[in-house]
Amino acid sequence: MLLCDRCKKPIVGESKKLLDVCPDCYFQVMSYISTGNANVGITQARVIGRLGRRFTSKLFLALVLLVILLTISSGVAISTYTQYQAPLQNEHQLVNALSGNLTQEQSIVQAAATVILKYKAQIANLSSQVAALSQSAASDRSNISSLEGIVASLKTQSNSLENTVSVLQNNITQLKEKGSNFLIWDVPVNASSGYFLFETVPDTFDYHDNFSSTVPVDVYYFNSSQFVQWYSHQKISGSYVNFTGTERQSDTFKLGEGCGGYVVIYSFESTGTIFPNVSATYYPAPKSTGSCSR
């Protein structure tokens with residue numbers, strides 16, 4: 001802690017100039033320096049008093065020189081300002097012009113920024129639409145892939161159908177060859193008493209009926225109306241072909257060459273087995289035959 005040189009009290013605050021004294025003793029010390037009063041009683045005060053009297057004239061001279069230098073500097077500054085005032089005015093005008101241009105450019109920049117923000121919003125909207133279209137395209141690609149699989153399956157089926165059609169065409173060609181013979185029934189059948197078997201006579205064909213049986217069989221060739229009458233136990237109208245009570249039969253029915261309305265009935269009065277070997281020969285008639293010619 002710093003103590004006052006005169007009263008030895010702690011110095012509170014800043015020391016007064018070159019003296020390490022408290023504020024109370026400072027004024028007494030300065031009084032001694034200015035008046036020479038010896039009641040201060042400190043060595044430092046006497047030394048400062050001597051220094052003050054010794055350097056007072058030099059200090060005054062320094063102050064005078066400082067004032068002169070300030071005056072000269074002020075004159076030089078005024079002259080310099082006068083000399084460069086016109087260029088500075090031009091520069092001020094240029095600055096003002098540039099400020100106006102800058103304001104205009106700022107306005108343009110703001111307008112451009114507004115346009116950019118607008119286009120950014122449009123771009124964001126377009127990006128959303130592109131994303132939606134991409135998703136739709138992905139879905140379409142999936143559908144296309146599925147359809148391609150279906151088309152491939154249909155092509156396979158088409159090839160199979162083409163082969164089937166080719167076979168059928170060959171069969172049709174063969175069928176159209178007059179005189180072609182086809183086996184249509186050769187499977188043995190067990191029949192009970194009162195039971196009957198039903199066969200259709202193919203149109204444009206001769207029907208070759210050949211069979212053997214373990215029991216007598218009645219064979220009838222009916223048109224559609226006659227079959228209904230026979231089945232309902234009515235009187236049969238018109239003529240018809242029949243073979244009754246035979247265990248072995250071999251005949252050819254030709255009325256179907258120009259008519260598709262005939263059926264064959266094999267009726268059993270007792271239980272037995274029939275062994276058929278029935279075939280048909282393609283032999284189309286040039287005009288209607290049998291019940292179709294009426």
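Guide: Let's begin with a word we will need often: a residue is buried if its relative accessible area is under 20%, exposed if over 50%, and partly exposed in between, using a 1.4 Å probe and protein chains only. The model above is predicted, so local features need pLDDT of at least 70 and side-chain atom pairs count only at pLDDT 80 or more, while totals for chains, interfaces and linings use all residues. Residues are numbered from 1 along each chain as its sequence is written, and side-chain values use heavy atoms, with hydrogens and water left out.

Visitor: What percentage of the residues of the protein count as buried?

Guide: Of its 294 residues, 22% count as buried.

Visitor: How many helices and strands are there in the protein?

Guide: Helices (H or I, at least four residues) and strands (E, at least two) are DSSP runs, numbered from the N terminus. Here there are three helices and eight strands. Along the sequence they follow the pattern α-α-β-β-β-β-α-β-β-β-β.

Visitor: Let's try helix 3. Which residues in helix 3 are buried?

Guide: Helix 3 spans residues 224-231, and its buried residues are Gln226, Phe227, Gln229 and Trp230. They lie on the same side of helix 3, because they cover an arc of only 165° around the axis. That arc is taken from the directions from the helix axis to the C-beta atoms. On the other side of helix 3, Val228 and Tyr231 are exposed.

Visitor: What covers the buried residues of helix 3?

Guide: A contact means heavy atoms within 4.5 Å. The cover includes strand 3 (196-200), strand 4 (205-223) and strand 6 (262-268).

Visitor: Which residue caps the N-terminal end of helix 3?

Guide: Think of a polar contact: a pair of N or O atoms within 3.5 Å, where, within protein, one must be able to donate a hydrogen and the other to accept it, and residues adjacent in sequence count only if both atoms are side-chain atoms. Asn223 is the cap, with a side-chain oxygen 3.2 Å from the backbone nitrogen of Ser225. Just after helix 3, His233 takes a positive phi of about 60°.

Visitor: Why is strand 8 largely enclosed by the rest of the structure?

Guide: Five of the five residues of strand 8 (residues 278-282) are buried, so the strand is largely enclosed. Val278, Ala280 and Tyr282 are buried on one side, and Ser279 and Thr281 on the other.

Visitor: How many bridges join strand 1 to strand 8?

Guide: Two strands pair if DSSP finds at least two bridges between them. Four bridges join strand 1 (residues 181-185) to strand 8, and the two run antiparallel. Asn181 has Thr281 as its bridge partner there. Strand 4 is also joined to strand 8 by four bridges, again antiparallel, and His208 is partnered with Ser279.

Visitor: How many salt bridges does the count come to?

Guide: A salt bridge is a side-chain nitrogen of Lys or Arg within 4 Å of a carboxyl oxygen of Asp or Glu. The count comes to two. Lys254 meets Asp206 at 3.2 Å, N to O. This pair links distant parts of the chain, 48 residues apart: Lys254 in the loop between strand 5 (241-253) and strand 6, and Asp206 in strand 4. Lys254 also meets Glu257 at 4.0 Å, N to O. Together, Asp206, Lys254 and Glu257 form a network.

Visitor: Is Asp206 buried or exposed?

Guide: Asp206 has 4% relative accessibility, so it counts as buried. Glu257, at 12%, is buried too, whereas Lys254, at 47%, is partly exposed.
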